[in-house]
Amino acid sequence: MRLSLSENIGALRRAAGMTQERLAEELGVTRQAVGRWEKGAGLPDAVSLTRLALVFDVAPEWLIDEA
């Protein structure tokens, strides 16, 4: 079973040994934004989604594919 976008972000961040603050710095967003994404209370915009994919070396489609 695939994880949700929020679960993917959290799992990848933890696997990389990154804090929410460090990931936020890499993406140019606030720590609060990363926290909202991981809680499923918000979604990254297209630019942030692309940056997330680059940071974690995955395809943007993989991050959002919940099927």
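Leu52 touches Ile9, Leu23, Leu27, Trp37, Pro44 and Leu63, leaving aside residues up to four places away in sequence. These contacts are found in a predicted model, and they are a useful place to start reading it.

Leu52 belongs to the largest nonpolar core, which has 15 residues. The residues with the most contacts inside this core are Leu52 itself, together with Ile9, Leu23, Trp37, Phe56 and Leu63. Helices H1, H2, H3 and H4 each give two or more residues to the core. H4 supplies the largest share, namely four residues.

Now step back to the whole chain. The protein chain has five helices and zero strands, so the order of elements from the N terminus reads α-α-α-α-α. The radius of gyration is 11 Å, close to the 11 Å that the globule rule gives for 67 residues, so the chain is as compact as a globular protein of that length. Along the principal axes, the C-alpha atoms fill a box of roughly 30 × 25 × 25 Å. Among contacts with a separation of 6 or more, 55% join residues 24 or more positions apart.

Helix H3 shows how one element is covered by others. H3 spans residues 31-39, and its buried residues are Ala33, Val34, Gly35, Trp37 and Glu38. An α-helix has 3.6 residues a turn, so residues three or four places apart point the same way. Ala33 and Trp37 are both on the buried list of H3. The cover over these buried residues includes helix H1 (5-15), helix H2 (20-27) and helix H4 (46-56). After H3 comes Gly40, which has a positive phi, near 80°.

What about a residue that is not buried? Thr50 lies in helix H4. Its relative accessibility is 40%, and because buried means under 20% and exposed means over 50%, Thr50 counts as partly exposed. Thr50 is 23 residues from Leu27 in sequence, while their C-alpha atoms are 9.5 Å apart in space.

Finally, consider the surface and the charges. Of the 67 residues in the chain, 36% count as buried. The chain exposes about 4,200 Å², and carbon and sulfur atoms supply 54% of that area. There are 8 positive and 10 negative side chains, and the centres of these two sets lie 7 Å apart.

Key. Residues numbered from 1 in each chain as written. Predicted model: local features only at pLDDT ≥ 70, side-chain atom pairs only at ≥ 80, totals over all residues. Heavy atoms only, no water. Buried < 20%, exposed > 50% of the residue type's maximum accessible area, 1.4 Å probe, protein only. Contact = heavy atoms within 4.5 Å. Rg over C-alpha atoms; globule rule 2.2 N^0.38 Å. Areas by Shrake-Rupley, 256 points an atom, 1.4 Å probe, with all protein chains shown as cover. Lys, Arg positive; Asp, Glu negative; His and termini not counted. Charge placed at Lys NZ, Arg CZ, Asp CG, Glu CD. Core = buried A, V, L, I, M, F, W, Y, C linked by side-chain atoms within 4.5 Å.
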